[in-house]
Amino acid sequence: MKLTAFTDYSLRVLIYLAAQPGRRATIGEIAAAFAVSEHHLTKVVHFLGKEGWLANVRGKGGGLALAKPPEAINVDDVVGRTEGGAIVECFGENGGACRITGLCRLQGVLGEAVAAFHAVLQRYTLADLVHNREALSQVFLTSRISVRQPAGRNA
C-alpha cells in the first residue's frame, strides 16, 4: 500500500506545526523545510483548514497553526480523510466493473489488511508523532536558516 503525496504532505504539515507549538508558519517555510512544492502545499493547507485541523490566518501576523492540540488529531482520521477512495476496484460501489467480484477472495484478504492498517493508525495521534519535538524543531530551524542564507556565504 502506498499513500498519496497529498496524504504524505498533510502529515508533514501537521508534524511541522506540532513540533513547534505556539508558533505560526508559512506555506513557503514548510515547503522549504521539506523541499516540496508550495503549490501542492497550498492545496493541502486549504484542505486541512476545511477539516478543522489547521487555523489559517491571512495577512500581517498571519500564518498556519494547529487548530486543535496534537493529542486531539488522530493519524487514522487524517489518513482516512486524505486518502478517500477504494484500494482496488472491487471495493467500489457494487464491486466496480470487475468480472470476478463475488467469486474472488482478494476483496476479503485486502479488506482484512486495510482494517489492520487502520487499526494501527487509530492508536496514534499527532502528539505521538512529535514526541521528539526538540530534535524535529532543530531540523526545521536549520532548514529556515539555510533558506535565508545567501548562496555562497558561510555562517
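In helix H2, the residues Glu29, Ile30 and Ala31 are buried (under 20% relative accessible area with a 1.4 Å probe, protein chains only). Helices here are DSSP runs of H or I with at least four residues, numbered from the N terminus. The model is predicted, so local features need pLDDT of at least 70 and side-chain atom pairs pLDDT 80 or more, while totals for chains, interfaces and linings use all residues. Residues are numbered from 1 along each chain as its sequence is written, and side-chain values use heavy atoms, with hydrogens and water left out. Just after H2, Ala35 adopts a positive phi of about 55°.

Turning to the packing of H2, its axis (residues 27-34) comes within 9 Å of that of helix H3 (residues 38-50), and the two cross at roughly 120°; axes are lines fitted to C-alpha atoms over the stretch in contact, with angles from 0 to 180 degrees between N-to-C directions. H2 is therefore oblique to H3, oblique being what remains outside under 35, 65 to 115 and over 145 degrees. At this contact (heavy atoms within 4.5 Å), Ile27, Gly28, Ile30 and Ala31 of H2 meet Glu38, Leu41, Thr42 and Val45 of H3.

Ile30 also features in the largest nonpolar core, where, of 29 residues, Val13, Leu14, Leu17, Ile30 and Leu48 touch the most other members. Such a core joins buried Ala, Val, Leu, Ile, Met, Phe, Trp, Tyr and Cys residues through side-chain atoms within 4.5 Å. H1 gives the most to this core, with seven residues. Beyond its neighbours within four places in sequence, Val13 contacts Ile30, Leu41, Val44, Val45, Leu48 and Leu54.

Conventions
Buried < 20%, exposed > 50% of the residue type's maximum accessible area, 1.4 Å probe, protein only.
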